Amino acid sequence: MEGAAKSARRSGRFWAIVILAVIGLVFAAANFQKVEIDFIVGEAHAPLVVALLISGGIGFIVGLALPRLRGRG
């Protein structure tokens, strides 16, 4: 029975990730205006959608890597 509960939990997690990703993509796609992005050593001008997708991608990678770096993955 433990396998079924674990599978249902993973399925719920999978759908939560899919729903959040779709919401994030819709939000990013609705923001095409140009913005100024300030870095420590300079600045850049880019569509807001690019900044949102890059920051979301970095957050996704950090979210995947952090548990593995802590030794729980």
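Entry 1, terms. Before sorting any lining residues I note that Ala, Val, Leu, Ile, Met, Phe, Trp, Tyr, Cys and Pro count as nonpolar, that Asp, Glu, Lys and Arg count as charged, and that the others, Gly among them, count as polar. I also note that I am reading a predicted model.

Entry 2, the largest pocket. With those classes in hand, I sorted the lining of the largest pocket and found 9 nonpolar residues, 4 polar ones and no charged ones. I looked up the volume of this pocket, which is about 290 Å³. The lining comprises 13 residues, and I wrote down A21, G24, L52, G56 and G57 as the closest to the pocket centre. I then asked which elements each supply at least two residues of the lining, and the list holds α1 (2-29) and α2 (48-70). The largest share belongs to α1, which gives 7 residues to the lining of the largest pocket.

Entry 3, the order of elements. I stepped back to the whole chain and counted 2 helices and 2 strands, which follow one another as α-β-β-α when I read from the N terminus on. I also looked up burial for the chain as a whole, and 5% of the 73 residues count as buried.

Entry 4, the strands. I checked how β1 (residues 34-38) and β2 (residues 43-47) are joined, and I found 5 bridges between them, with the two strands running antiparallel. Two of the partners went into my notes: V35 is bridged to A46 in β2, and D38 has E43 in β2 as its bridge partner. Between the two strands the chain makes a hairpin, and the connection from β1 to β2 takes 4 residues.

Entry 5, helix α2. I compared the reach of α2 with expectation: its 23 residues span 33 Å from the first C-alpha to the last, close to the 33 Å expected at 1.5 Å a residue. Just after α2 I came to G71, where phi is positive and near 95 degrees.

Entry 6, two valines of α2. I looked at V49, which is found in helix α2, and asked whether V49 is buried or exposed. V49 counts as buried because its relative accessibility is 9%, and the cut-off for buried is under 20%. I then turned to V50, which also lies in α2; at 36% relative accessibility V50 counts as partly exposed, since that class takes in values between the 20% limit for buried and the 50% limit for exposed. For each valine I noted one residue from elsewhere in the sequence: V49 and Q33 are 16 residues apart in sequence and 7.9 Å apart in space, C-alpha to C-alpha, while V50 and F32 are 18 residues apart along the chain, with 8.4 Å between their C-alpha atoms.

Entry 7, aromatic rings. How many aromatic pairs does a search of the whole structure find? The search gave me 1 aromatic pair. The partners are F14 and W15, with 5.1 Å centre to centre and 75 degrees between the planes, an edge-to-face arrangement. I recorded it as edge-to-face because planes over 60 degrees apart are given that name. Finally I looked up the accessibility of F14, whose relative accessible area of 46% makes this residue partly exposed.

Definitions and conventions
Residues numbered from 1 in each chain as written. Predicted model: local features only at pLDDT ≥ 70, side-chain atom pairs only at ≥ 80, totals over all residues. Heavy atoms only, no water. Pairing = 2+ DSSP bridges. 1 Å grid on protein atoms, 1.4 Å probe; cavity = no way out; pocket = protein on both sides within 12 Å on 5 of 7 lines; lining within 4 Å. Points joined across faces, edges and corners; volume = space filled by probe spheres on them. Expected span 1.5 Å × (residues − 1). Phe/Tyr/Trp six-rings, centres within 6.5 Å; stacked < 30°, edge-to-face > 60°. Buried < 20%, exposed > 50% of the residue type's maximum accessible area, 1.4 Å probe, protein only.
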